[in-house]
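Biologist: I would like to learn how to read a model of this kind with some care. Could you take me through it one feature at a time?

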2 protein chains.
Amino acid sequence: MRNLNPGRSMENPGVVAGGPVAIRKQTLHDQVANRIRDLIIEGYLEPGSRIDETGLIEQLEVSRTPFREALRTLAAEGLVIIRPSKGAVVRKLTPQDVFSMLEVLAHLEKLAGKLTCERASDDDITALMALHNEMLDLYEKRERLAYYKLNQAFHSRLAELTGNETLQEMQRNIQARLKRIRFIGNRSPDYWAAAVAEHEQMAQALSRRDGDALGEVMARHLMNTWERVKDSV
Amino acid sequence: MRNLNPGRSMENPGVVAGGPVAIRKQTLHDQVANRIRDLIIEGYLEPGSRIDETGLIEQLEVSRTPFREALRTLAAEGLVIIRPSKGAVVRKLTPQDVFSMLEVLAHLEKLAGKLTCERASDDDITALMALHNEMLDLYEKRERLAYYKLNQAFHSRLAELTGNETLQEMQRNIQARLKRIRFIGNRSPDYWAAAVAEHEQMAQALSRRDGDALGEVMARHLMNTWERVKDSV
DNA sequence: GCAATGTATTTCGTATACAAAGTGAGGAAA
DNA sequence: TTTCCTCACTTTGTATACGAAATACATTGC
């Protein structure tokens, strides 16, 4: 499924196998928005800290107009907060914020699980299971970053299979805000093992197309994530 | 709970009962964003139609900079779509879009119902019931617009009582996109009566603090809404 | 007469300049 | 010494100007 709205954050490549594809035009403010988003996620811009317009503009080598438009996009996405006449700050998530996001995300994933079981084709389910197996491999090898990325892909794919665009968008939005936090969640080996065990249960439910069970596991999975990260928020 | 982000759509007044509140500064682009949002919701800007930058700028008497920043905010909210170098169009909702939004909204409201039953104080519930009774009054008097507004307030309040900020934000976002559509939903007297009956059930469940029942009714309510509006999308 | 290409005109994207608001340091008065 | 005010400086907000891209139209060739 192609992302027609260049304003949203997406990491899919611009090329699809087989045949010419429209050249993706990226306006400057889109590029800037993506760049700043990454800077925030990767921690170069610390939560709560003011965003130095002048400084960043020089570093990114763009003028103020596209930069400010990008900031407003990120503000609408909830990643930064713009205080009129006082500059923008990277939004700092309180534990409450994180909990509320996980609570909603858990509930959305529950819906995703249920709908996917109802609507996805056998091939799609098989493909999803393949992803899961890859994840197990990576866990065995203790390749944490790769595992993490595949994990994101797994959840995104699950949302896609529901065919529900809104669900995907909301999930993406929350994921983007939580990205840094979730990465922390798997720091400890114990936590990681627990997460893998939960994923195994998901895969089981998925292969049985047991939507209710899948939904329950996914919701539980995210509430456990809370337990894992709450001390580091 | 105050809305600290002036970029988001909110209809609450700037003053809360009891005590001084920070004066809300509104930058020009915020005002413009709000204005355009209203224009879209009220139908002055038709879905699918191109937004005439030059024309609107003249009418609103603002320059391009705040206008374009406002557009990007609305794009991030999903109300308009910006096609690079080709102008912005008011997002046109396909029946699929509407269905997917209602599906997600239904699921979110289900969560809201459950959490409210678990977390709200008795006073809060009583206040919510009062809203409900007012709605019944307005239905008797066939005051459709007032009923509609109170209905929105009821659902917003319910989300507030969960104490979950993210849930509120997501609900607001979807509500904003659906605003026009939902208004249509009550056109026919039969439909309206059905909606009122469903609300009565909600109130019942709420007064019993039966979260599961409330959640079920709310989810059903929105799926019924789909039945009511699907032909007019 | 139709299609294709070149050109004019409009619209969009970005940079920059100017105005307004905020911030902080230093000094004067209590 | 402390507090409050003032003034200079920094940063933000808005307007405008210019270059680039897209669209519409006319002209030319078949």
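**Reading the copies and the DNA**

Modeller: Let us begin with how the copies meet: 100% of the interface residues of chain B are also interface residues in chain A, so the copies meet through the same surface. Please keep in mind throughout that this is a predicted model.

Biologist: What rotation and what shift along its axis superpose chain B on chain A?

Modeller: In general, two copies of a chain are related by a rotation about an axis and a shift along it. Here a rotation of 180 degrees, with 0.0 Å of shift along its axis, superposes chain B on chain A, and the RMSD is 0.0 Å. The two copies are therefore related as by a two-fold rotation axis.

Biologist: Turning to the DNA, which residues come nearest to DNA strand C?

Modeller: The idea is to list the residues with a heavy atom within 4 Å of the strand. Around DNA strand C there are 17 residues, of which L28(A), S63(A), T65(A), R68(B) and S85(B) come nearest. Of the atoms of this strand that come within 4 Å of the protein, sugar and phosphate account for 62%.

Biologist: Which atoms of the protein lie by a phosphate oxygen of DNA strand C, and at what distance?

Modeller: For L28(A) a polar backbone atom is 2.6 Å from a phosphate oxygen of DNA strand C, whereas for S63(A) an N or O atom in the side chain is 2.4 Å from a phosphate oxygen of that strand. The side chain of H29(A) also has an N or O atom 3.2 Å from a phosphate oxygen of DNA strand C. The elements that give two or more residues to the surface near this strand are α1 (28-41) and α3 of chain A, together with α3 of chain B, and α3(A) gives the most, with 3 residues.

Biologist: Where do R64(A), S85(A) and S63(B) come into polar contact with DNA strand D?

Modeller: R64(A) has a polar side-chain atom 2.7 Å from a base oxygen of DNA strand D, while a backbone N or O atom of S85(A) lies 2.7 Å from a phosphate oxygen of the strand. In S63(B), a polar side-chain atom lies 2.6 Å from a phosphate oxygen of DNA strand D.

Biologist: How many nonpolar, polar and charged residues has the surface near DNA strand D?

Modeller: By class, that surface has 3 nonpolar, 7 polar and 7 charged residues, and its largest share, 3 residues, comes from α3(B).

Note on methods: Residues are numbered from 1 along each chain as its sequence is written. Chains are lettered from A and ligands numbered from 1 in the order in which they are written. This is a predicted model: local features need pLDDT of at least 70, side-chain atom pairs count only at pLDDT 80 or more; totals for chains, interfaces and linings use all residues. Side-chain values use heavy atoms; hydrogens and water are left out. A polar contact is a pair of N or O atoms within 3.5 Å; within protein, one must be able to donate a hydrogen and the other to accept it, and residues adjacent in sequence count only if both atoms are side-chain atoms. Helices (H or I, at least four residues) and strands (E, at least two) are DSSP runs, numbered from the N terminus. Ala, Val, Leu, Ile, Met, Phe, Trp, Tyr, Cys and Pro count as nonpolar, Asp, Glu, Lys and Arg as charged, and the others, Gly among them, as polar. Copies are superposed by least squares on the C-alpha atoms of residues with pLDDT of at least 70 in both. Contact means heavy atoms within 4.5 Å.
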